[in-house]
Amino acid sequence: MIKQRSLAKLIVLSFLTFGIYGFFFWWGYIRDINEACVCDRKNSPNYLAVLLLSGLTCGLYYLIWLY
């Protein structure tokens, strides 16, 4: 079941936890995307992989992943 997420909660908790909550937010978000798109038989890459590749490519991979 896909969980409803709040943008305000993401911003506030990310600020209070110095960005740590953002990692958990995106991990759950990608899990929900993979669950919703199970019929396509394609999975989004793990958020940690996206984060590492984005760092290596100066954010370019993140933009491609969002697309």
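**Notes on a predicted model**

1. Ser 14 counts as buried, at 17% relative accessibility, and this residue has its place in helix α1. The coordinates discussed here belong to a predicted model, and every point below should be read in that light. When neighbours within four places in sequence are left aside, the residues in contact with Ser 14 are Lys 9, Gly 19, Tyr 21 and Gly 22. Because a relative accessible area under 20% is what buried means, the 17% of Ser 14 places this residue in that class.

2. Helix α1 also holds Ile 11, which, in contrast to the buried Ser 14, is exposed, with a relative accessible area of 52%. The cut-off for exposed is over 50%, so the 52% of Ile 11 meets it. Along the chain Ile 11 and Gly 22 are 11 residues apart, and their C-alpha atoms are separated by 8.4 Å. Gly 22 has already been named as one of the residues in contact with Ser 14.

3. Two local details concern the ends of helix α1. At its start, a side-chain oxygen of Ser 6 reaches to within 3.3 Å of the backbone nitrogen of Ala 8. Just after α1, Phe 18 takes a positive phi, with a value of about 55°.

4. The structure holds one salt bridge, in which the side chains of Asp 32 and Arg 5 meet at 2.5 Å, N to O. This pair links distant parts of the chain, since Asp 32 is in helix α2 while Arg 5 is in the segment before α1, 27 residues apart. The two partners can also be described by their accessibility: Asp 32 counts as buried, at 7%, whereas Arg 5 is partly exposed, with a relative accessible area of 28%.

5. A further distance involves Asp 32, this time with Lys 3. The C-alpha atoms of Asp 32 and Lys 3 are separated by 7.6 Å, although the two residues are 29 residues apart along the chain. Lys 3 is also among the residues that line the largest pocket, as is Arg 5, the salt-bridge partner of Asp 32.

6. The largest pocket has a volume of about 180 Å³. The elements that give two or more residues to its lining are α1 (7-16) and α2 (20-36), and α2 gives the most, with six residues. The lining includes Lys 9 and Leu 10, together with Tyr 21, Phe 24, Phe 25, Trp 27, Gly 28 and Arg 31. Ser 6, whose side-chain oxygen reaches towards the backbone nitrogen of Ala 8, is likewise one of the lining residues. Sorted by class, the lining has five nonpolar, three polar and four charged residues. Lys 9 and Tyr 21, which both belong to this lining, are also in contact with Ser 14.

7. The last point turns to another serine, Ser 54, which is found in helix α3 (residues 47-56). Ser 54 is buried, with a relative accessible area of 10%, and its side chain reaches the backbone nitrogen of Tyr 62 at 3.2 Å. Leaving aside neighbours within four places in sequence, Ser 54 is in contact with Gly 59, Tyr 61 and Tyr 62. Tyr 62 therefore appears twice in this description, as a contact of the buried Ser 54 and as the residue whose backbone nitrogen the serine side chain reaches.

Terms used:
Residues are numbered from 1 along each chain as its sequence is written. This is a predicted model: local features need pLDDT of at least 70, side-chain atom pairs count only at pLDDT 80 or more; totals for chains, interfaces and linings use all residues. Side-chain values use heavy atoms; hydrogens and water are left out. Helices (H or I, at least four residues) and strands (E, at least two) are DSSP runs, numbered from the N terminus. Buried means under 20% relative accessible area, exposed over 50%, partly exposed in between (1.4 Å probe, protein chains only). A polar contact is a pair of N or O atoms within 3.5 Å; within protein, one must be able to donate a hydrogen and the other to accept it, and residues adjacent in sequence count only if both atoms are side-chain atoms. Contact means heavy atoms within 4.5 Å. On a 1 Å grid over the protein atoms alone, a cavity is a set of points where a 1.4 Å probe fits but cannot get out, and a pocket is an open set with protein on both sides within 12 Å along at least five of seven lines; lining residues have an atom within 4 Å of a point. Grid points are joined across faces, edges and corners, and a volume is the space filled by probe spheres set on the points. Ala, Val, Leu, Ile, Met, Phe, Trp, Tyr, Cys and Pro count as nonpolar, Asp, Glu, Lys and Arg as charged, and the others, Gly among them, as polar. A salt bridge is a side-chain nitrogen of Lys or Arg within 4 Å of a carboxyl oxygen of Asp or Glu.
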